[in-house]
Amino acid sequence: MTETLDRIMKTADRPPLVMVRGAGSWLWDRDGKRYLDFVQGWAVNSLGHSPRVVLDALQAQGGRLINCSPAYYNEPMAELAALLAETSGLDQVFPCNSGAEANEGAIKLARKWGSRHRDGAFEIITMHGSFHGRTLATMAASGKPGWDALFEPKVPGFRKVPLSDLDAVTGAISPRTVAVMLEPIQGEAGVVVAPDDYLCALRALTRERGILMILDEVQTGIGRTGRFLGCQHAGIAPDIVTLGKGLGGGVPLAALVAADSVSCFEYGDQGGTFNGNPLMAAVGCAVVETVKQPEFLQMVAANGTYLADRLRALAADRGHGEVRGRGLLLALELKGQDSKKVVTAALDHGLLINAPRPDTLRFMPALNVSTDEVDEMVARLEASLG
Ligand SMILES: *Cc1c(COP(=O)(O)O)cnc(C)c1O
């Protein structure tokens with residue numbers, strides 16, 4: 001067993017378990033132990049493990065056409081683009097494989113637009129604490145503490161300001177600025193919500209100054225917050241939005257979505273071998289068709305309220321801190337307890353949760369999690385807190 005695991009590069013601090021099976025909110029390791037999964041692939045398995053709609057889409061599309069090269073159109077690719085245009089209110093879609101790739105595409109598109117329409121402007125204002133991915137450009141765009149010194153030299157062209165500080169953005173805009181890029185909720189930073197009025201003001205400011213607004217909704221999109229996109233709570237539409245994680249419901253799928261006015265890529269500017277792959281796109285269509293239904297989104301919001309209420313009651317009971325977030329992207333701030341230790345204790349109690357910060361636990365269950373499963377999670381969490 002150890003020989004096989006030893007060949008995997010040490011890029012993540014994984015517990016010594018091997019997961020073999022999943023169903024809904026549950027995951028099993030190869031020793032037969034069962035875990036209640038409130039990580040769900042990092043907010044990826046929107047409909048839980050191995051949901052029927054995803055299996056059906058894989059089987060139907062897998063039997064028809066798995067891959068035909070991005071040199072040709074295919075039906076699921078077109079259908080996915082139409083669905084994402086409809087649900088985002090934007091126009092043009094570039095399907096890809098990961099959130100980082102979608103953001104990389106957004107950065108390239110903004111730079112291209114700047115070279116065409118803003119006198120060569122290329123600088124993008126991003127936020128302290130932000131997370132946009134692990135390619136060189138998306139790491140440079142990210143404001144994650146400790147990343148500044150990594151993998152020098154950095155890709156230039158990013159300027160960072162504090163989140164939710166409009167004056168800081170105003171002060172950072174120069175003739176070189178082409179865009180502002182941010183997450184409506186900073187997930188990796190510990191579920192830090194950008195207030196709606198700030199997002200509205202930022203939308204107005206970027207319009208007024210003739211620069212683009214790019215929203216990274218890789219974590220907040222696809223129903224996670226109880227709306228199809230996180231920015232829809234604020235009633236705004238960005239110029240560019242990136243999607244990933246929950247879009248594929250567990251398969252690698254992401255998308256760059258842009259308004260017509262910004263979609264200035266020319267042939268050869270952007271591409272990739274697996275982009276628009278019909279098998280992945282067909283799964284994305286099945287996920288989006290399910291999640292975009294108003295009843296489904298209402299259920300997510302209701303599940304989110306239920307989970308937040310249960311966490312608040314637990315926090316009050318045990319003297320912990322605030323519960324932050326929206327829909328089913330929630331965090332609990334711990335007081336006097338190390339979140340990493342709680343995550344380890346939770347593993348023993350058959351519960352998977354995440355610790356984005358030393359004092360914060362994050363909850364990202366399946367969007368269709370049941371109230372019984374939330375109750376079970378809270379019981380296991382209480383046991384894990386000791
Ligand atoms: C996860 C995440 C990314 C990166 O997505 P990958 O698929 O891991 O490349 C980018 N932005 C946000 C907000 C994320 O949560």
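Sorted by class, the shell of residues around the ligand holds 3 nonpolar, 6 polar and 3 charged residues. The structure is a predicted model, and the points below look at this shell, at the polar contacts with the ligand, and at a patch on the surface.

**The shell around the ligand**

- The residues that surround the ligand are Ser98, Gly99, Ala100, Asn103, Phe131, His132, Gly133, Glu183, Asp216, Val218, Gln219 and Lys245.
- Helix H5, which covers residues 99–117, gives the largest share of this shell, namely 3 residues.

**Polar contacts and burial of the ligand**

- Gln219 brings a polar side-chain atom to 2.7 Å from an oxygen atom of the ligand, while Gly99 has a backbone N or O atom that lies 2.8 Å from an oxygen atom of the ligand.
- At Phe131 the partner is a polar backbone atom, which is 3.2 Å from a nitrogen atom of the ligand.
- The ligand would expose 390 Å² if it were taken alone, and the protein buries 81% of that area.

**A nonpolar patch on the surface**

- Leu136, Leu150 and Phe151 make up a nonpolar patch on the surface, and together they have about 310 Å² of accessible area.
- One of these residues, Leu136, belongs to helix H6, which covers residues 136–141.
- Leu136 counts as exposed because its relative accessibility is 52%, and the cut-off for exposed is over 50%.

Notes:
Residues are numbered from 1 along each chain as its sequence is written. This is a predicted model: local features need pLDDT of at least 70, side-chain atom pairs count only at pLDDT 80 or more; totals for chains, interfaces and linings use all residues. Side-chain values use heavy atoms; hydrogens and water are left out. A residue is near a molecule or strand if one of its heavy atoms lies within 4 Å of it. A polar contact is a pair of N or O atoms within 3.5 Å; within protein, one must be able to donate a hydrogen and the other to accept it, and residues adjacent in sequence count only if both atoms are side-chain atoms. Accessible areas come from the Shrake-Rupley method with a 1.4 Å probe; for residues, only the protein chains shown count as cover. Helices (H or I, at least four residues) and strands (E, at least two) are DSSP runs, numbered from the N terminus. Ala, Val, Leu, Ile, Met, Phe, Trp, Tyr, Cys and Pro count as nonpolar, Asp, Glu, Lys and Arg as charged, and the others, Gly among them, as polar. Patches are made of residues with over 30% relative accessible area and no salt bridge: like charges are joined within 9 Å, nonpolar side chains (Val, Leu, Ile, Met, Phe, Trp, Tyr) within 5 Å. A salt bridge is a side-chain nitrogen of Lys or Arg within 4 Å of a carboxyl oxygen of Asp or Glu. Buried means under 20% relative accessible area, exposed over 50%, partly exposed in between (1.4 Å probe, protein chains only).
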